[in-house]
Amino acid sequence: MTLILPAQAQTSAQAPAKGSAYPTKPVRLIVPFPPGGGSDILARLITSKLSEQHKWTFIIDNKPGAGGTIGITEAVRMAPTGYDLVMGQKDNLVIGPWLFKNLPWDPTRDLVPIAHVAYTPVLIATSVDSKFKTLNDVVAAARKSPGNINYGSPGNGTSIHLAAVLFEKAAGIQLMHIPYKGSSPALLDAIAGNVELLVSSVPSAMGQIKGGKLRPLAVTSAKRSSLLPDVPTVAELGFKNFDVTTWYGLFAPAGTPPAVVDTLNAAVNTLLGNAEVRAAIREQGAEPEAMTPAKFGAMIKADYPRWKNIVESSGATNN
């Protein structure tokens with residue numbers, strides 16, 4: 001039986017021999033966040049299914065720290081053999097470099113995209129006891145009283161915080177940001193009415209929505225969330241083309257053989273077409289979406305400079 005081995009196991013730094021099958025030995029997948037988070041759950045789901053279908057062996061190696069940029073830094077330094085991969089996401093690849101100055105890598109130059117796995121929308125919600133029944137109620141009140149309506153987020157400079165910044169710009173309003181150290185304290189204060197709005201990931205808020213304590217107002221993706229099909233998108237509410245999501249995907253060091261990239265991309269994309277896998281991803285509040293390496297790379301190249309301006313205009317720092 002093929003197993004996901006402990007993080008302490010190591011792989012050799014030899015590239016696959018010309019003409020040989022890939023992989024011929026365990027593949028290490030660096031996850032730049034602690035066990036149990038969104039990136040970790042998706043990484044373990046995808047690798048376990050790849051192991052089941054192809055009898056490949058993966059080593060999950062959690063390397064958290066500095067907003068996920070420590071794990072990326074380690075991946076960039078690995079030999080491009082195809083045996084050291086990393087699970088990246090928007091926060092550490094296209095936002096992190098603008099928050100953590102002088103990182104020794106560029107996501108468009110030092111990594112090669114292998115496979116897009118999923119994306120997650122951001123949720124705007126409020127307490128069920130709130131006077132705000134719709135997102136447009138919030139906009140109308142904020143226009144009357146700029147800066148007096150507050151919202152909680154999981155932290156300064158996160159993609160969730162920056163999604164709120166983009167919404168403020170799109171709506172022409174000014175809100176007061178209250179950053180928390182994680183989703184849970186922001187969620188609890190929103191339920192208690194200590195903050196008027198909550199900006200959160202969908203999975204973090206789903207339990208309280210189902211429990212009748214939170215009222216979802218909108219999601220920030222172009223399409224409605226499959227977990228919240230009755231909740232409108234920001235774009236539907238009159239803010240055309242508004243689309244802000246966090247994506248997750250597999251990457252390898254630049255120079256990784258194209259044949260390896262193609263092999264992994266085809267395997268992951270096949271998984272993403274499987275109903276069981278799609279359902280498992282959606283249970284985590286994410287939406288599965290397959291892409292070619294070229295399409296994924298083009299998306300990152302477009303995202304990277306765009307988020308530089310967003311981070312700088314928000315005033316967010318890593319302090």
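**Strand β5 and its partners**

I started with strand β7 (residues 197-201) and found two bridges joining it to β5, the two strands running parallel. I should jot down early that this is a predicted model. Looking for who faces whom, I saw Y151 standing opposite L197 in β7.

Next I checked strand β6 (residues 176-179). Four bridges tie β6 to β5, and this pair is parallel too. M176 in β6 is the bridge partner of N150. I then followed the chain from β5 through helix α5 (residues 159-171) to β6, and the three make a right-handed β-α-β unit.

Are the faces of β5 covered or not? Both are covered: N150 and G152 are buried on one side, and Y151 and S153 are buried on the other. My reminder to self: side chains in a regular strand alternate between the two faces of the sheet.

**Helix α2**

I moved on to helix α2 (residues 69-77) and listed its buried residues: T69, G71, I72, T73, A75 and V76. What do they pack against? I noted three strands from the early part of my list, β1 (27-31), β3 (84-89) and β4 (111-127), plus β9 (245-253) and helix α3 (90-99).

**D106, an odd one**

I looked up D106 and found it in the loop between α3 and β4. Why does D106 have no salt bridge, though R109 is the nearest side chain of opposite charge? R109 is 4.2 Å away, and a salt bridge needs the nitrogen within 4 Å of a carboxyl oxygen, so this pair misses the cut-off. D106 is buried all the same. Leaving aside neighbours within four places in sequence, I found D106 in contact with L111 and Y304.

Notes. Residues numbered from 1 in each chain as written. Predicted model: local features only at pLDDT ≥ 70, side-chain atom pairs only at ≥ 80, totals over all residues. Heavy atoms only, no water. Buried < 20%, exposed > 50% of the residue type's maximum accessible area, 1.4 Å probe, protein only. Pairing = 2+ DSSP bridges. Right-handed = clockwise from strand over helix to strand, strands pointing away. Contact = heavy atoms within 4.5 Å. Lys, Arg positive; Asp, Glu negative; His and termini not counted.
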